[in-house]
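Open the model in your viewer and keep the sequence panel beside it. The tour below gives one selection at a time and says what is there.

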Amino acid sequence: MSATGLDVLKAIQGYINKIVTATPGIKVLLLDADTTPILSLASTQSVLLSHEVYLTDRIDNPSRSAPPASHAPGSGASSSSSAYPPSSARHAERLPHLKCICILRPTDESIDACEREIREGRYGGYWLYFTNVLSKAQIERLAEADEHELVREVQEFFADYSPLTSSHFSLSLLPTPLHPSPTQRAIALYGDSPSTFSPSSPALSLHIQGLTAVLLSLKKRPIVRYERMSGMAKKLAQEVVYQMSSQPDLWDFRKTATAPLLLILDRRNDPVTPLLTQWTYQAMVHECIGISNGRVNLGEGQDVKEEMKEIVLSPDQDPFFASNLYDNFGDLGAHLQEYVLDYKNRSASSNASKIETVADMKRFIDEYPEFRKLGGNVAKHVALVGELSRLVKERHLLEVSELEQSLASNESHGSDLRMVQSMISSPDIPHESKLRLAILYALRYQKLPGNNIPGVIELLKQHSVPDPEMVHIMLNFAGAEQRQDDLFANENFFSRGKSALKGLKGVENVYTQHTPHLSETLDLLLRGRLKESSYPFADHQSSPSPTAPGRPQDVIVFIVGGTTYEEAKLVAALNAQFAAGYGLSELLGDDEGREFWVPGERRERDVGDET
């Protein structure tokens, strides 16, 4: 496991740096719907400006396309295909002194837009970069469109995923939600059963392209294992192995003493973790407000200044956010107070009224930009934490979370049922929380003969909670019969005893009792105890030879169906311990997980997230 070898954020940033520095001079950058969020997560406008990128636009922007030239009938006028500039471009502003860089995903829509752009030829040259493999037909289309020989370069850079942090990425695939909005770009993930990919959508191909892009960008050709009971994990594992074996030149990387490992899991094996209220900074912001491509919309917040209506949260660009990414809400408040006091002290020392000499003037001018930036960052986090505090109180999240944690971590049917019924009956608890509590109760006590799942569903209906049928849907989707592992440690006498002993140990915080199942899976994996019968190797692969080191040094975990920020936190903690120099066995004794993927030192996330 290397502490630096699996950094997805640096991998994408490295690609961007190569692209913008390879072309000298003043540049225009054109993106598409898929690459825009990737660039927004991995770079900033100031970074692009430092490399002379003065204009960024969408290649599919309708205002960019000029209408084709028309000619009067019988006029005999004709347009020469070899004339430059093309007739259509004569109606658009031509900027031949600018060079155009295109970073696109090789979809049909982007290829169409790229063809139009090249034919219009408004810039002096085009450098085309694609985030995945181009087909032969697509290359031919681009060549035919380049009638005036403006294309200077065409390359494939494997940046077909969104780097959320250094150890957490997403494929940015949104499964069709229960109540989709007209503007959402969603795809059908599941087929006729929750164990198959949808045959009517590109879900499987997008998973293959995204996951192989991750591996290629990290220069890893891994051994692949998958969750035995998941048909989707097995199918994806087989396809990834096929891609590696069918294109050996593309996957010809330097071999290591121990081969990297790709572990493909299924969200259905742990449906509990995504249902729990989270209490770390990044996770709370995402759950209570929403993070979209590193941006947070506070437009519906109370007492939020206009300039704070939309803010950017980037651990790569924001030192305070990077330092407190995984802080619980209590520690976050203390650290924010220290941040504000530090700003206050620096503000006093930078007071313009204290400028008395030329040296004071010079110091003030030098420090002012950084000081102004600090002030904006302080105001941003104060506004964000203030809004989180308001939502915690308004939604009664402390009371809800305490019961969620009890349902997830302890077995006490009588008291749990009474508390669930009380919460559902309370007019103060939001409908969404009521439904989540009902689902958690059903998942926990599904196998208990005396459970009252029908009564809980009926109570939801009595209090007009929307979509009460989701309780049965979740049991069919990720109930005990669908899960591979004993998630609640309550399916036999021995596991119940283990669960009881775990409860006797006590916890530091009643709101953080639960540990994601991914923690146990990674612990077994890194100790060399993950059973091959439960997590077999994919086609044409086998376990390491008895003489080879059995514990992988680089681990990438991909969860079909998405991951959570709680799992991302676990993976980051594992990586931090390894980077600090702890022994492998001691580190492995810890635990970790992640979103769409989770490397053993830099992992992945599904939470991926894939979705």
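What is the mean pLDDT of the chain? This is a predicted model, and the mean pLDDT of its chain is 83. Of the residues, 79% reach 70 or more.

**The whole chain**

Begin with everything selected. The chain has 611 residues, and buried residues make up 49% of them. Its secondary structure comes to 20 helices and 17 strands. Turn on the surface: the accessible area is about 28900 Å², and carbon and sulfur atoms account for 52% of that.

**Confidence along the chain**

Now colour by pLDDT. Which element has the lowest mean pLDDT, and which the highest? Among the elements of the chain, the lowest mean, 29, belongs to helix α20 (residues 584–588), and the highest, 97, to helix α15 (residues 453–462). Next, select residues 67–82, where pLDDT stays under 50. The model has 10 contacts beyond four places in sequence for residues 67–82. Then select residues 492–507, where the pLDDT is also below 50. Beyond near neighbours in sequence, residues 492–507 have 11 contacts in the model.

**Helix α7**

Select residues 231–246, which form helix α7. How far apart should the ends of this helix be? At 1.5 Å a residue, its 16 residues should span 22 Å, and the end C-alpha atoms are indeed 22 Å apart. Show the side chains of M232, A233, L236, A237, V240, V241 and M244, which are buried in α7. Look down the axis of α7: the buried residues fall within an arc of 165°, so they line one face of the helix. An α-helix has 3.6 residues a turn, so residues three or four places apart point the same way. To see what the buried residues of α7 pack against, add α6 (203–218), β10 (223–226), β11 (261–266) and β15 (555–560).

**Helix α13**

Move to residues 413–425, helix α13. Its 13 residues should span 18 Å at 1.5 Å a residue, and the end C-alpha atoms agree, being 18 Å apart. Which residues of α13 are buried? They are H413, D416, L417, V420, M423 and I424. Viewed down the axis of α13, these buried residues lie within an arc of 130°, so they line one face of the helix. They pack against α12 (397–409), α14 (431–445) and α15.

**Two buried residues**

Select E567, which is in helix α19 (residues 565–579). Is E567 buried or exposed? E567 counts as buried because its relative accessible area is 1%, below the 20% cut-off. Add R267: its side chain makes a polar contact of 2.9 Å with the side chain of E567.

Next, go to H148, in the loop between α5 (136–145) and β5 (151–156). H148 is also buried, with a relative accessible area of 16%. Draw a distance from its C-alpha atom to that of I118: the two residues are 30 residues apart along the chain, and the separation is 8.6 Å.

**Two loop residues with positive phi**

Select D303, in the loop between β13 (295–297) and β14 (310–312). D303 is not a glycine, yet its phi is positive, about 60°. Its relative accessibility is 81%, so D303 counts as exposed.

Finish at S464, in the loop between α15 and α16 (470–478). Phi of S464 is near 55°, again a positive value in a residue other than glycine. S464 is exposed, with a relative accessible area of 55%.

How values were computed: Residues numbered from 1 in each chain as written. Predicted model: local features only at pLDDT ≥ 70, side-chain atom pairs only at ≥ 80, totals over all residues. Heavy atoms only, no water. Helix = DSSP H or I, 4+ residues; strand = E, 2+ residues; numbered from the N terminus. Buried < 20%, exposed > 50% of the residue type's maximum accessible area, 1.4 Å probe, protein only. Polar contact = N/O pair within 3.5 Å; in protein donor to acceptor, adjacent residues only side chain to side chain. Expected span 1.5 Å × (residues − 1). Arc of directions from axis to C-beta. Contact = heavy atoms within 4.5 Å. pLDDT = per-residue confidence, 0-100. Areas by Shrake-Rupley, 256 points an atom, 1.4 Å probe, with all protein chains shown as cover.
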